[in-house]
Amino acid sequence: MNTYNKNTFQKTVAILVGYNKIKKSIENLEKQQKELEEEKNDIKQEISKPNRVVLREKDQLYYYSDETLNNRINEIRQLVIKAKAELNFIDNCLKEIQADKYYEIIPLFFFSNKTIEELAEYFNISTQSVHYNKNRLIRSLSYYLIPLDKIEEIKKIG
């Protein structure tokens with residue numbers, strides 16, 4: 001592998017490693033959005049300042065304008081939409097390699113935290129074969145996940 005290939009490979013690995021983190025981030029953002037929406041519905045308007053809302057969080061009072069609170073809720077909603085789109089993109093790319101005999105190495109290793117030894121036992125192959133197939137699948141997946149890198153790589157060859 002030349003340096004450029006390593007970069008593409010490493011980017012693909014980083015995406016796979018980050019997959020569960022994106023899922024957890026979506027859960028946290030949706031929870032935060034729900035809490036803000038519930039608080040917004042329960043808040044009391046200050047009598048003297050009708051455009052301000054008061055949020056109580058851990059015995060602290062925070063003052064927001066209606067517009068600021070709505071903006072924050074909308075920002076969170078947009079972050080959730082973007083993160084879900086990223087997960088959907090990764091899922092669609094994974095489908096492109098799903099027919100491979102050893103496809104399950106990828107989700108088991110990256111998403112279920114199985115070790116190389118556990119995978120070797122599961123597939124009844126050597127750890128060396130697990131490494132080889134994992135790396136082969138990552139290279140295949142990189143064509144779908146990081147197509148611009150692959151296009152540049154092909155240009156350099158030709």
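A charge is taken to sit over a ring if NZ of Lys or CZ of Arg is within 6 Å of the ring centre and within 35 degrees of the ring normal. In this predicted model, Lys134 and Phe109 meet that description: the charged end of Lys134 sits over the ring of Phe109, 4.9 Å from the ring centre. Lys134 is also one of the buried residues of helix α5.

Helix α5 is a useful place to continue. The helix covers residues 127-145. Its 19 residues should span 27 Å at 1.5 Å a residue, and the end C-alpha atoms are 26 Å apart, which agrees. The buried residues of α5 are Val130, Asn133, Lys134, Arg136, Leu137, Ile138, Leu141, Ser142 and Leu145. An α-helix has 3.6 residues a turn, so residues three or four places apart point the same way. Ser142, in helix α5, has a relative accessible area of 1% and is therefore buried, the limit being under 20%. The side chain of Ser142 reaches back to the backbone oxygen of Arg139, at 2.6 Å.

Arg136, another buried residue of α5, leads out of the helix. Arg136 forms a salt bridge with Asp100, with the closest N and O atoms 2.7 Å apart. This pair links distant parts of the chain, since Arg136 belongs to α5 and Asp100 to the loop between α2 and α3, 36 residues apart. Unlike buried Arg136, Asp100 is partly exposed, with a relative accessible area of 23%.

The loop that holds Asp100 also holds Tyr102, and with it the aromatic contacts come into view. The model has four aromatic pairs. In one of them, Tyr102 and Phe123 are arranged edge-to-face, with 5.4 Å from centre to centre and 65° between the planes. Tyr102 lies between α2 (66-96) and α3 (105-111) while Phe123 lies in helix α4 (residues 116-123), so the pair ties together parts that are 21 residues apart in sequence. Tyr102 and Phe123 are both buried.

Phe123 has a second ring partner in Tyr122. The centres of these two rings are 4.9 Å apart and the planes stand at 85°, so this pair is edge-to-face as well. The two partners differ in accessibility: Tyr122 is exposed, with a relative accessible area of 56%, whereas Phe123 is buried at 17%. Through these ring pairs, Tyr102, Tyr122 and Phe123 are linked into a cluster.

The remaining contacts involve helix α1. Across the whole structure there are five salt bridges, among them two that use glutamates of this helix. In one, the side chains of Glu27 and Lys24 meet at 3.7 Å, N to O. Glu27 and Lys24 are three residues apart in α1 (residues 3-42), which means that about one helical turn separates them. Glu27 is partly exposed, with a relative accessible area of 46%, and Lys24 is partly exposed at 46%.

The salt bridge of Glu30 goes to another helix. The side chains of Glu30 and Lys84 meet at 2.8 Å, N to O. Because Glu30 lies in helix α1 and Lys84 in helix α2, the pair ties together parts that are 54 residues apart in sequence. Glu30 counts as partly exposed at 32% relative accessibility, and Lys84 is likewise partly exposed, at 42%.

Methods
Residues numbered from 1 in each chain as written. Predicted model: local features only at pLDDT ≥ 70, side-chain atom pairs only at ≥ 80, totals over all residues. Heavy atoms only, no water. Phe/Tyr/Trp six-rings, centres within 6.5 Å; stacked < 30°, edge-to-face > 60°. Helix = DSSP H or I, 4+ residues; strand = E, 2+ residues; numbered from the N terminus. Buried < 20%, exposed > 50% of the residue type's maximum accessible area, 1.4 Å probe, protein only. Salt bridge = Lys/Arg side-chain N within 4 Å of Asp/Glu carboxyl O. Expected span 1.5 Å × (residues − 1). Polar contact = N/O pair within 3.5 Å; in protein donor to acceptor, adjacent residues only side chain to side chain.
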